[in-house]
Amino acid sequence: MENRYRLFRRGNGVYYALEASNLRQMSLRTRSHAEATRLIAAKNQASDVPQLNRAMAKVYASAASPELMERTWQEVMDAYARKSVVTTRRRVERAFRSEPFRVLSRLKINETDAAAFWAVLNHKKAGNAANHFLRRLQNFAWGMRWLFEPVIPNPLWPKVKKKKTTALSIEEHARIIASEQNLEHRLYYEMLWETGGSQSDIANLHWNRVDLRGKVISFYRDKLNEREEEGQICGLSVLVIGPRIRAILNQCPQTGYLFPVLQQWKSEHRTTEFARRCRIAGVKDRQLKGYRYAWAQRAQVAGMPQREAMNHLGHKSKAIHAAYAGDAKTVTLPLEHYEAEMQRKIVEFRGTEATGT
C-alpha cells in the first residue's frame with residue numbers, strides 16, 4: 001500500500017509532511033530527522049488503518065456472501081422498483097431506463113467510486129429526477145447492507161432544485177372551463193375543482209361510489225390503496241354532495257364511470273391534454289395537480305379544520321399538507337364575530353331549554 005505522506009526538509013531545517021494526493025504540505029515542527037521519521041510513520045500508519053480495515057472487511061464479506069461483491073447496480077434498481085407501489089414503480093422503472101443510469105447499471109456496487117455517480121448527475125439528460133432516484137438508490141443499497149459505505153456522503157450530495165407546483169386560481173379555472181368545448185373534459189375539471197381529488201382518482205369515479213340518498217360521494221386514494229394491508233382498504237375519502245357537485249353529476253352518464261373516456265386514458269395523456277387546454281386558455285405553468293393545491297388553499301381560507309382537510313386529501317403529514325396550503329392567505333375574522341356567535345348559541349340553547357325540547 002502506497003504511503004499517503006512523504007517526508008522532506010526545507011532550507012531552514014524544519015521537516016515537513018507532503019500529502020501525495022493533493023501536494024498539501026504540513027509542518028512537523030521539528031529539525032530532528034529521527035523525530036520527523038517517527039512522526040511521518042505514525043501519520044502513514046493512521047492513514048493506512050481505515051483503508052486496511054475496509055479492505056479486510058470486503059475480504060471477509062466476500063467469503064461469507066460471495067454475491068455481495070458481485071451485485072450490480074442493475075440488481076439494486078430492480079429490487080428498489082419491486083418494493084414500490086404500482087403507480088410509483090412505473091415512474092421508477094422509467095427513470096432507471098433513462099440514459100443517465102445506463103452508465104451505472106453494469107457496475108458492481110462495492111467497486112463504484114464517486115466519479116461514476118457524478119457521471120450520472122452531470123449527464124446532459126439528467127435532471128432533478130436523476131438526482132432524486134440516484135440518492136434513493138444509494139440509501140436503499142446502504143439500508144439493505146449491500147453497500148459498505150456511501151459512494152457520495154449525504155452532506156455532499158447536490159441539492160435538488162424543485163419546481164414549485166402552483167395552485168390554480170378561480171380566474172384560471174374559469175378560463176379553462178370557458179375554453180373547453182368537450183363536455184366530459186369540462187365536467188372532469190369541474191369535479192377536480194370541487195373535490196380536490198387526484199387526477200386518477202377522479203377519472204376512475206364510478207356510480208357505485210355515489211350515494212344520492214345519503215348525499216355523499218366516496219373515492220379511494222388509489223396510490224394509498226396499493227399499500228393495502230391485511231385486506232383493509234386505505235385512503236377512503238367521503239365528501240358530502242353539495243349543489244355544485246350535484247349539478248356536475250346530473251350532466252355525467254348515469255351509469256358506469258362518470259368520465260368513461262378519460263378513465264381509459266393513461267395519466268400522462270390526461271396531463272398532456274390539460275397542458276394543451278391551458279395553452280388554448282392562455283394559462284401558463286399549471287398542472288392537473290394544481291387542482292389539489294387549489295382545494296387545499298380554498299379549504300384553509302374558508303376555515304376548514306386542518307385535520308378534516310388532511311383526511312380528505314389523504315395527507316398523513318402536516319408538513320406535506322402545509323406545502324399544499326402554504327400559499328393561502330388566511331383572513332382572521334374579528335373577535336367580535338366569535339363573541340356574537342357565542343352569544344347567539346347561548347340564546348338558542350336557553351330558548352330550547354325553556355320550550356323543553
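**Exercise 1.** In this predicted model, determine why strand β2 (residues 15–19) is described as largely enclosed by the rest of the structure.

*Solution.* Step 1: apply the cut-off, by which a residue is buried when its relative accessible area is under 20%. Step 2: examine the strand as a whole; five of the five residues of β2 are buried, so the strand is largely enclosed by the rest of the structure. Step 3: separate the two faces. In a regular strand, side chains alternate between the two faces of the sheet. On one side of β2 lie Tyr15, Ala17 and Glu19, on the other Tyr16 and Leu18, and all are buried. Both faces of β2 are therefore covered.

**Exercise 2.** Identify the strands with which β2 pairs, and describe each hairpin.

*Solution.* Step 1: β2 pairs with strand β1 (residues 5–9) in the antiparallel sense, over five bridges. Within this pairing, Arg9 has Tyr15 as its bridge partner. Five residues lie between the strands of the β1 and β2 hairpin, where Gly13 takes a positive phi near 90°. Step 2: β2 also runs antiparallel to strand β3 (residues 25–27), joined by three bridges. Here Tyr16 has Ser27 as its bridge partner. The hairpin of β2 and β3 has five residues between the strands, and Leu23 takes a positive phi near 60°.

**Exercise 3.** Characterise the second largest pocket by its volume and lining.

*Solution.* Step 1: its volume is about 290 Å³. Step 2: its lining includes Glu194, Trp295 and Met304. The elements giving two or more residues to this lining are β6 (236–240), α12 (243–251) and α15 (290–301). Step 3: by residue class, the lining comprises eight nonpolar, one polar and three charged residues.

Notes
Residues numbered from 1 in each chain as written. Predicted model: local features only at pLDDT ≥ 70, side-chain atom pairs only at ≥ 80, totals over all residues. Heavy atoms only, no water. Buried < 20%, exposed > 50% of the residue type's maximum accessible area, 1.4 Å probe, protein only. Helix = DSSP H or I, 4+ residues; strand = E, 2+ residues; numbered from the N terminus. Pairing = 2+ DSSP bridges. 1 Å grid on protein atoms, 1.4 Å probe; cavity = no way out; pocket = protein on both sides within 12 Å on 5 of 7 lines; lining within 4 Å. Points joined across faces, edges and corners; volume = space filled by probe spheres on them. Nonpolar A, V, L, I, M, F, W, Y, C, P; charged D, E, K, R; others polar.
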